[in-house]
Amino acid sequence: MGMGWIGQKVDSLKSIKIRQHLSQAINIGVIFTFALMIWKVVMCITGSQSPIVVVLSGSMEPGFKRGDLLFLNMGKEPIRAGEIVVFNLEGRDIPIVHRVIEVHERKDTGEVDILTKGDNNPVNDRGMYAYGQLWLQRQHVMGRAVGSVPYAGWMTIIMTEKPIIKYVLISVLVLMVLTSKD
């Protein structure tokens, strides 16, 4: 009779542990889902495919320094000279933050062709555009810079340049969730 009682207790403890692990996995899933939902809502509100970007180079100094976090908004109004935009180029994975220095409006379509340049660069960006491309169009632009937080993006830069730090940080966070007591 004693072994049956002990066996029941062991089975009961195993099922509690399984439930705890399952609960923790669900909690991690809920956190990631919630973060993704917030990101998607912000994308819809700002009209930008990437509403937050980090400045990765010194090409916009002194206005924006490496590691500054920028908030983007696209809006429907035409892009104008003087605005700071974030754009993608064919063949490049990383978006670029530069100022619009020239705009040509096409009367027939109302579309605008734009030329960009980093404030700290000696020449315009035509050398970075695709071969034979002289202008950027609206589809290249991810958004306009509407705000910034100095140095807030340094953790992103560090994790990109030193991936081991990213993996250690993620491992620590997962361990904290798995070992937390409800």
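How many bridges join strand 4 to strand 5? Six bridges connect this antiparallel pair, and the legends below take up the pairing along with other close-up views of the model, which is predicted.

**View 1. The hairpin of strand 4 and strand 5.** Strand 4 covers residues 96-105 and strand 5 covers residues 112-117, and the two are held in an antiparallel arrangement by six bridges. Glu105 stands opposite Val112 of strand 5. Six residues lie between the two strands of the hairpin, and in the turn Gly110 has a positive phi of about 80°.

**View 2. The open sheet of six strands.** The strands follow the order 1-2-6-3-4-5, and their pairing is antiparallel. Strand 1 (52-54) and strand 5 (112-117) each have a single partner strand and stand at the edges, so one side of each is left without a neighbour in the sheet. From one strand to the next, the twist averages 50°.

**View 3. Strand 3 and its two partner strands, centred on Val85.** Strand 3 (residues 84-87) runs antiparallel to strand 6 (residues 141-149), to which three bridges join it, and it also runs antiparallel to strand 4, with four bridges between them. Val85 has a bridge partner in each of these strands: Arg144 in strand 6 and His98 in strand 4. In a regular strand the side chains alternate between the two faces of the sheet.

**View 4. The salt-bridge network around Arg144.** Arg144, the bridge partner of Val85 in strand 6, is buried, with a relative accessible area of 5%. The side chain of Arg144 meets that of Glu77 in a salt bridge with an N to O distance of 3.7 Å. Because Glu77 lies in the loop between strand 2 and strand 3 while Arg144 belongs to strand 6, this pair ties together parts that are 67 residues apart in sequence. Arg144 also forms a salt bridge with Glu83, where the closest N and O atoms are 2.7 Å apart. Glu83 likewise lies in the loop between strand 2 and strand 3, so its pairing with Arg144 in strand 6 links parts that are 61 residues apart in sequence. Through shared partners, the salt bridges join Glu77, Glu83 and Arg144 into one network. Glu77 counts as partly exposed, at 47% relative accessibility, and Glu83 also counts as partly exposed, at 23%.

**View 5. The salt bridge between Arg66 and Glu161.** A search of the whole structure finds six salt bridges, and one of them joins the side chains of Arg66 and Glu161, with an N to O distance of 2.2 Å. Arg66 lies in the loop between strand 1 and strand 2 and Glu161 in helix 2, so the pair ties together parts that are 95 residues apart in sequence. Arg66 is partly exposed, with a relative accessible area of 27%, and Glu161 also counts as partly exposed, at 48%.

**View 6. Ser59 and Pro62 in the loop between strand 1 and strand 2.** Ser59 is buried, with a relative accessible area of 12%, and its side chain is joined to that of His98 by a polar contact of 2.8 Å. His98 is also the bridge partner of Val85 in strand 4. In the loop that holds Ser59, the peptide bond from Glu61 to Pro62 is cis, with omega near 5°. Most peptide bonds are trans.

**View 7. His140 in the loop between strand 5 and strand 6.** His140 counts as buried, at 13% relative accessibility. A polar atom of the His140 side chain lies 2.9 Å from the backbone nitrogen of Gln137.

**View 8. The nonpolar surface patch of about 1000 Å².** Among the residues that make the patch are Tyr151, Trp154, Ile164, Leu173 and Met176. Helix 2 (154-161) and helix 3 (163-179) each supply at least two residues of the patch, with helix 3 giving the most, seven residues. Leu173, found in helix 3, is partly exposed, with a relative accessible area of 48%. Tyr151 lies in the loop between strand 6 and helix 2, and its phi is near 65°, a positive value in a residue other than glycine. Most residues other than glycine have a negative phi.

Technical notes
Residues are numbered from 1 along each chain as its sequence is written. This is a predicted model: local features need pLDDT of at least 70, side-chain atom pairs count only at pLDDT 80 or more; totals for chains, interfaces and linings use all residues. Side-chain values use heavy atoms; hydrogens and water are left out. Two strands pair if DSSP finds at least two bridges between them. Axes are lines fitted to C-alpha atoms, for helices over the stretch in contact, and angles run from 0 to 180 degrees between N-to-C directions. Patches are made of residues with over 30% relative accessible area and no salt bridge: like charges are joined within 9 Å, nonpolar side chains (Val, Leu, Ile, Met, Phe, Trp, Tyr) within 5 Å. Accessible areas come from the Shrake-Rupley method with a 1.4 Å probe; for residues, only the protein chains shown count as cover. A salt bridge is a side-chain nitrogen of Lys or Arg within 4 Å of a carboxyl oxygen of Asp or Glu. Buried means under 20% relative accessible area, exposed over 50%, partly exposed in between (1.4 Å probe, protein chains only). A polar contact is a pair of N or O atoms within 3.5 Å; within protein, one must be able to donate a hydrogen and the other to accept it, and residues adjacent in sequence count only if both atoms are side-chain atoms.
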